[in-house]
Amino acid sequence: MFSAADHDFMARALRLAELGLYTTTPNPRVGCVIVNKGALVGDGWHHSAGAPHAEINALQAAGSAARGATAYVSLEPCSHHGRTPPCAQALIAAGVSRVVAAVQDPNPQVAGRGLALLKAAGITCECGLLESEARELNIGFVARMTRGRPWVRVKIAASLDGKTALENGASQWITGPAARLDGQRWRARACAILSGIGTLRTDDPQLNVRAVETSRQPLKVVVDSRLELSPQAKVLNGGVLLASASEAGDRAAALRARGAEILCLPNADGQVDLAALIAELGRREINEVHVEGGARLNGALLAAGLVDELLLYLAPCLTGDAARGMFAFPALESLAAKHALAINDVRMIGNDLRLLARLNAGVR
């Protein structure tokens with residue numbers, strides 16, 4: 001169905017899309033390549049929400065050479081008026097004769113309508129070239145559009161025996177500088193960074209992106225059931241969303257005075273309803289949530305069925321059985337109750353081992 005040249009041009013479109021890894025949220029990362037008579041005549045990528053889409057940038061680069069050309073797009077061209085006009089109409093107006101899309105847009109406002117619009121105008125349309133690669137690039141956008149909540153990725157740095165800190169809480173640094181820089185890149189691609197009050201009390205982290213060039217900072221989110229966060233905490237610099245089970249009293253006023261937004265989401269146990277929090281982040285157009293918490297938050301998210309992926313950095317060292325573990329949850333009564341994982345990627349990052357593992361075969 002698709003030629004070797006088709007694969008090459010779509011691969012280029014995906015590489016262009018990846019240039020928007022840190023900047024396009026809440027929009028998907030999209031690249032477009034326009035080819036006429038076997039020659040590349042224009043290409044482009046989507047830079048940020050509100051800016052021209054990839055197709056528009058590619059058409060502007062191609063000019064009149066777009067007439068009769070093939071457009072390779074890493075995501076189905078949009079058919080609706082959002083922050084920008086529909087790209088399907090722009091491709092029709094430019095006179096392209098063929099459109100190849102990597103994957104159908106999961107946005108219910110599009111979901112095949114863009115391709116249908118192009119076909120109705122007499123343009124040859126094909127979809128599914130390098131589909132899995134295109135879905136992976138926008139896994140958070142796909143998750144939010146298809147199930148109403150973001151993709152949740154839990155990042156953990158640990159010793160080879162699965163310990164994240166010593167018994168006294170010391171954890172800096174288990175992994176090496178290369179792994180820490182890689183972790184910053186994963187922070188940068190996320191729309192929100194989620195942590196818990198235990199981690200904030202112990203480490204007083206900033207929860208921002210450093211050492212990676214980016215034009216935006218992810219939303220900082222802290223689970224703090226009793227509003228124990230100090231008004232002097234570093235995380236308050238630049239604003240933070242506090243998920244709490246209560247918002248009354250002087251502590252709430254002091255935190256609001258520092259610019260914090262407090263979201264009251266109590267569950268029946270007087271703790272933060274994590275499912276409600278993740279759903280709320282989806283409503284706020286958060287595609288990917290990067291979790292950097294302790295064993296309690298990690299365990300609670302896991303028990304609630306909210307973890308999609310683990311980003312594990314394992315250092316070549318052992319810290320012993322008294323050290324702190326990755327997940328806190330009740331003891332299992334049988335191995336049948338274990339949380340099974342599918343390991344998607346294993347590689348060395350400096351001297352540390354990085355694993356990407358999923359609890360779900362795909363987006364639910």
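User: Happy to be looking at this one with you! Which strands does helix H6 lie across, and at about what angle does H6 run to E6?

Analyst: Glad to help, and please keep in mind that this is a predicted model. Helix H6 covers residues 139–147. It lies across E6 (151–159), E11 (288–291) and E14, and its angle to E6 is about 135°.

User: Which helix packs on the sheet touching E6, E7, E8 and E11?

Analyst: The strands touched include E7 (192–196) and E8 (219–223). The direction of this helix makes about 115° with that of E7. The helix spans residues 295–303 and is H11.

User: Why is one side of E10 and of E13 left without a neighbour in the sheet?

Analyst: The sheet is open and has 9 strands with mixed pairing, in the order E10-E9-E8-E7-E11-E6-E12-E14-E13. E10 (260–264) and E13 (342–349) stand at the edges, so one side of each lacks a neighbour, as each has a single partner strand.

User: What does the twist average from one strand to the next?

Analyst: The order of this open sheet begins with E10 and ends with E13. From one strand to the next, the twist averages 20°.

User: Which residue in E14 is the bridge partner of Val-346?

Analyst: E13 and E14 (residues 352–358) run antiparallel and are joined by 7 bridges. Val-346 has its bridge partner in E14, and that partner is Leu-355.

User: Let's turn to the pockets. Which element gives the largest share of the lining of the largest pocket?

Analyst: This pocket has a volume of about 1,400 Å³. Its lining counts 50 residues, with Ser-195, Thr-199, Glu-292, Gly-293 and Gly-294 nearest the centre. Elements giving two or more residues are E6, H7 (177–189), E7, H8 (197–203) and H11. The largest share, 6 residues, comes from H8.

User: How many residues of that lining, in the largest pocket, are charged?

Analyst: The lining of the largest pocket includes 16 nonpolar residues and 20 polar ones. The charged residues number 14.

User: And which element gives the most to the lining of the second largest pocket?

Analyst: The second largest pocket has a volume of about 540 Å³. Among its 20 lining residues, Glu-18, Glu-136, Leu-137, Trp-186 and Arg-189 lie nearest its centre. H1 (4–17), H5 (131–137), H7, E13 and E14 each give two or more residues. With 4 residues, the element that gives the most is H7.

User: How many residues lining the second largest pocket are charged?

Analyst: Its lining divides into nonpolar, polar and charged residues. There are 7 nonpolar and 1 polar, while the charged count is 12.

Technical notes
Residues numbered from 1 in each chain as written. Predicted model: local features only at pLDDT ≥ 70, side-chain atom pairs only at ≥ 80, totals over all residues. Heavy atoms only, no water. Pairing = 2+ DSSP bridges. Axes fitted to C-alpha atoms, helices over the stretch in contact; angles between N-to-C directions. Contact = heavy atoms within 4.5 Å. 1 Å grid on protein atoms, 1.4 Å probe; cavity = no way out; pocket = protein on both sides within 12 Å on 5 of 7 lines; lining within 4 Å. Points joined across faces, edges and corners; volume = space filled by probe spheres on them. Nonpolar A, V, L, I, M, F, W, Y, C, P; charged D, E, K, R; others polar.
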